[in-house]
Amino acid sequence: MWVRKRIDIGWRGLAGAAMDCARGGDVAPFEERIAALWGRAGRHPFVNLSVRSGFDSLLTTLAFEPGDEIAMSALTIPDMPNIVREHGLLPVPIDVEPESMNVRPEQVEAAISPRTRAVVVAHLFGGRVPLEPIAEVCRRRGVLLIEDCAQAFTGWDFTGSPQADVSMFSFGPIKTHTSLIGSVFTIKDRDLKDRMAREQETWPTQSSAAYFKRAFKYGFVKGLSIGWIAGSVATMLRWMGRDHDRLATNMARGFAGGDFFAKIRQRPSAPILRTLARRFERFNPAAVERRRALGKRFVERVGEQALVLSAAAEEPTFWVLPVMVDNPRELVTAMWRRGFDATCSSSLQVIPAPADRPHLDAAVGRATLDATVFLPFYHHMPQRVVDAMADLVRQTARPLAKPETRRVLEGPTRYATSLSLSRSST
Ligand SMILES: *Cc1c(COP(=O)(O)O)cnc(C)c1O
């Protein structure tokens with residue numbers, strides 16, 4: 001079976017991470033090595049335990065007034081708006097466009113109120129949202145621009161948009177070139193970075209034992225994702241009446257159970273920094289390049305039959321392969337039957353509109369999530385397997401034609417006359 005996602009670290013990388021846990025030491029030399037790769041003129045890198053940790057300390061540092069607002073890409077992992085709420089702030093959704101996963105400047109503008117202090121744009125599924133027009137809105141309205149690049153690491157060609165005040169990259173378990181945990185922020189204002197660092201000095205350092213356990217756990221997960229093992233385990237779970245879909249979704253959770261905020265409010269240990277530094281120095285762009293090429297090939301082969309989310313983004317790299325169709329359940333079943341562990345469930349959720357502004361409801365984002373199937377996809381997939389998947393989609397998928405989907409996608413909430421959706425009506 002082709003599992004839905006493979007953890008993007010080799011056995012040597014995992015063993016290296018586990019061994020680093022026995023070495024401890026000072027974090028400063030590793031911070032310097034990381035900064036040497038991530039630093040750019042006018043951008044200051046800072047390493048956190050996770051994007052969520054860094055984002056939390058950023059909000060503490062910025063100390064906005066309770067009731068202030070953060071406008072955010074409507075689709076994101078639920079922890080991000082939850083962190084905003086924890087700071088007494090209101091997350092306000094900005095709807096997304098399925099073909100590119102872009103948020104449009106007009107929609108950013110519409111989500112900004114006099115109480116808005118920051119805009120968070122998420123670059124989803126490995127694509128990138130053009131920031132210049134959005135940055136123009138933010139400058140004019142006097143709000144901070146933060147970009148969530150958790151799904152958009154592609155290498156040293158992109159370490160953050162020059163227009164963004166803060167850029168956040170994740171190296172958590174399911175992310176490109178993972179170190180199982182860790183994140184790098186690049187920050188425009190040196191003083192903001194220093195204040196964030198001082199804020200995190202009040203946090204405890206995560207133990208080396210915690211990182212060791214994590215390396216061990218993901219070694220197990222990696223073992224399970226080997227084709228024949230995954231197939232047997234899924235069959236066994238089905239016999240036992242357990243839901244392998246739910247189990248697989250839960251395994252990807254970074255900070256499951258317990259007190260979430262106590263878990264994220266920690267500093268990364270020396271072994272984490274050592275692993276991050278070593279893995280960054282060894283980063284090979286070939287894997288991302290191959291993923292990009294395979295994704296492009298898939299999009300061409302599927303043609304009009306399904307809408308591949310983010311394919312029309314500026315730099316699509318297909319961190320995942322989401323296809324939007326009229327019959328998602330049917331497609332998942334057909335995929336399972338042929339040994340592809342596709343799923344309708346996503347770690348993303350839609351941020352609800354504030355009660356007093358129902359017109360900001362992210363109807364397009366919600367319709368998109370409801371009709372999307374995530375196919376198994378990673379750079380080690382042979383081309384013939386990707387082709388077989390595309391052919392199966394062509395045979396099984398019904399293009400978006402349901403009146404209610406089309407009404408949402410083409411209705412008054414859409415600012416652009418869409419390219420690929422009118423295409424899929426044929
Ligand atoms: C993974 C992810 C995060 C969180 O990253 P962590 O480093 O695991 O905290 C935030 N936003 C998006 C869009 C993500 O995909």
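Asp-56 and Arg-265 join their side chains in a salt bridge, with N and O 2.7 Å apart. A salt bridge here is a side-chain nitrogen of Lys or Arg within 4 Å of a carboxyl oxygen of Asp or Glu. Asp-56 sits in helix H3 (residues 51-62) and Arg-265 in the loop between helix H11 (260-264) and H12, so the pair ties together parts 209 residues apart in sequence. Helices (H or I, at least four residues) and strands (E, at least two) are DSSP runs, numbered from the N terminus.

This is a predicted model: local features need pLDDT of at least 70, side-chain atom pairs count only at pLDDT 80 or more, and totals for chains, interfaces and linings use all residues. Residues are numbered from 1 along each chain as its sequence is written, and side-chain values use heavy atoms, leaving out hydrogens and water.

**Salt bridges**

Side chains of opposite charge can pair when their charged atoms come close. By the salt-bridge rule, the count comes to 24. Here are three of the pairs.

| Pair | Closest N to O distance |
|---|---|
| Asp-56 and Arg-265 | 2.7 Å |
| Arg-278 and Asp-20 | 3.0 Å |
| Asp-157 and Arg-128 | 3.7 Å |

Arg-278 lies in helix H12 (residues 270-281) and Asp-20 in helix H1 (residues 11-20), 258 residues apart.

Are these partners buried or exposed? Buried means under 20% relative accessible area, exposed over 50%, and partly exposed in between (1.4 Å probe, protein chains only). Asp-20 is buried, at 1%. Arg-278 is buried too, at 18%. Asp-56 is buried, at 0%, while Arg-265 is partly exposed, at 26%. Asp-157 is exposed, at 53%. Its partner Arg-128 is buried, at 14%.

Salt bridges with shared partners also join Glu-109, Glu-136, Arg-140 and Arg-141 into one network.

**The ligand**

Which residues are around the ligand? Among them are Ser-50, Val-51, Arg-52, Asp-148, Ser-170 and Lys-175. A residue counts as near if one of its heavy atoms lies within 4 Å of the molecule. By class, the shell has four nonpolar, four polar and three charged residues.

Oxygen atoms of the ligand have several protein partners. A backbone N or O atom of Val-51 lies 2.8 Å from one ligand oxygen. A polar side-chain atom of Ser-170 is 2.7 Å from a ligand oxygen. For Lys-175, a side-chain N or O atom is 3.1 Å from a ligand oxygen. The protein covers 94% of the 380 Å² of accessible area that the ligand has on its own. Such areas come from the Shrake-Rupley method with a 1.4 Å probe.

Methods: A polar contact is a pair of N or O atoms within 3.5 Å; within protein, one must be able to donate a hydrogen and the other to accept it, and residues adjacent in sequence count only if both atoms are side-chain atoms. Ala, Val, Leu, Ile, Met, Phe, Trp, Tyr, Cys and Pro count as nonpolar, Asp, Glu, Lys and Arg as charged, and the others, Gly among them, as polar.
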